[in-house]
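Work through the exercises below with the structure in view. Try each task before you read its solution.

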Amino acid sequence: MQSSITDIKKEKRILLEKHLNGSLNSYQSLFACDSDAIYAMDLDGYFIPLNPACALIFGYNSDEFSKLTYMKVMKLEHLDRAISFFYKAIDGKLQNFDCQIVHKSGKLIDLNMTNYPIVIDGEIVGVYAVAKDITELKQKRKKLMEDIQQRENTYRDIVEHSPDAVAIVKDEQILFANDTAVELIGAKAKNEVIGKSVYDFLDSPYSDIVKQRAKNVENGKAVDFIVEKLVRLDGTIIEVEVKAIPAIYQNEPARHIIIRDIMEKKRTQKLLLQSEKLTVAGQLAAGIAHEIRNPLTAIKGFIKLMDTGREFNSGYLDIINSEVNRIELILSELLLLAKPQSMKFEKRDLPTILEHVKTLADTQAIMRNIGIHILYLTEIPEVYCDENQLKQMFINFLKNSVEAMPKGGEIIIEVQCTDSNQIKIRFIDQGCGIPKEHLERIGQPFFTTKDNGNGLGLMISMQIIENHNGTINISSDENGTTMEILLPIQ
């Protein structure tokens, strides 16, 4: 039986060699130029070299190579796989795999091998094989993976020590959180955060917008900072700024989320706001004191007339009452401006707010021979706002305009509704203007063109506009400056 099998294999070997000789005659030039080793194996696994690259890759000449089987050159750890792939090829299945062989010199060579059956007259008589030397490729790949690992380690170190809270999220699940994020969420250890859903720590009204932003990031778009409310593990809710960018984490697409606690920032802004209020109130006080003296002089004069015992005109009482009301209005507006108050958004009549502000600013304007005029170009509906903040902002703008007009002139305030459900308010003065090179820096903290300014007034005014979801545009030339504010009605 064994003799019969051996005879069959010999016959197939002869048939295989005839077939290969024909192939060599037909494709000699093609085989010779190929850098991959092209060879055949008979049914016992003995090599039959077909091109010069076999000697280069395996290190053996043709005679030596023909006396070897794949089992003699294969690295021991890869032998079982090689045997399996060889017999699968004999069964008629194409095989492709990576392995290591031992070169004649003893060094290890990484190869990518492809085995496929040789069929003659319907019978499989051997195996074709193509071996590609991938040693250099694997070394480059290894170096690349080491570089990637190094970058990931560097990235992890940077993220771990970031002053901002950072989380890596895939779908809804938190895959990574740095120490700052763990502290921000009120956890004692990372395992209290990692693996949880990001929505477990999000105030529910923000879920829809976060889901939409997540889709944008998954589509490769970074999303900028927005304010959200975070629910800590103890149930307290804090305000945070959140930004997300696309990232790769553990070779998978994910979202790199940056979270900043803005509670301290808001406290600082509140202190700056109050400080600026007191500064403005103090600067207005001198003009207001002068303005109050006028009605007081009239009141004292009429009281003396009435005190003579003579009959007096009843109209004196109306004048006195009117002047007292004016004093009361000026003082109440000044106290309201200086008094600390939390933000409170309510529907308010914008013309009334502007008229009250004009009353306060008139005192300083009149002393400089400046007239302030308010023009309502359309009917003005109520606006949803914090009244005190708007007053502070308008006073800042009027005060700046007055100080920019040492020679007097007119300040026009135009108010109108727009087609986009907004109110446009334009402060137009006839001052000296702002140089072009300074326009871009207007609103930056501590940047000012005044000798005795601190630059906080406009910065805070812009913050107030932002608090009201509004926008501001500033244009200026040698004929004056225009501040255009757009505020949403709702």
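**Exercise 1.** In this predicted model, decide whether Y39 and F65 are buried or exposed. Then classify their ring pair.

*Solution.*
- Step 1: Buried means under 20% relative accessible area. Y39 and F65 are both buried.
- Step 2: A pair of aromatic rings is described by the distance of the centres and the angle of the planes.
- Step 3: For Y39 and F65 the centres are 5.9 Å apart and the planes meet at 90°. Angles over 60 degrees count as edge-to-face, and this pair is edge-to-face.
- Step 4: Y39 belongs to strand β1 (residues 37-41) and F65 to helix α3 (residues 62-66), so the pair ties together parts 26 residues apart in sequence.
- Step 5: Y39 and F65 also belong to one aromatic cluster, together with F47 and F58.

**Exercise 2.** Classify the ring pair of F86 and Y87. Which burial class does each residue fall into?

*Solution.*
- Step 1: The ring centres of F86 and Y87 lie 5.4 Å apart, with the planes at 80°, so this pair is edge-to-face.
- Step 2: F86 has a relative accessible area of 1%, so F86 is buried.
- Step 3: Y87 reaches 47% relative accessibility, so Y87 counts as partly exposed.

**Exercise 3.** Which charged residue sits over the ring of Y199?

*Solution.*
- Step 1: The residue is K211.
- Step 2: The charged end of K211 is 5.5 Å from the ring centre of Y199. The distance cut-off is 6 Å.

**Exercise 4.** How many helices and strands does the protein chain have? What share of the residues is buried?

*Solution.*
- Step 1: The chain has 14 helices and 17 strands.
- Step 2: Of its 490 residues, 42% are buried.

Conventions. Residues numbered from 1 in each chain as written. Predicted model: local features only at pLDDT ≥ 70, side-chain atom pairs only at ≥ 80, totals over all residues. Heavy atoms only, no water. Phe/Tyr/Trp six-rings, centres within 6.5 Å; stacked < 30°, edge-to-face > 60°. Helix = DSSP H or I, 4+ residues; strand = E, 2+ residues; numbered from the N terminus. Buried < 20%, exposed > 50% of the residue type's maximum accessible area, 1.4 Å probe, protein only. Lys NZ or Arg CZ within 6 Å of the ring centre and 35° of its normal.
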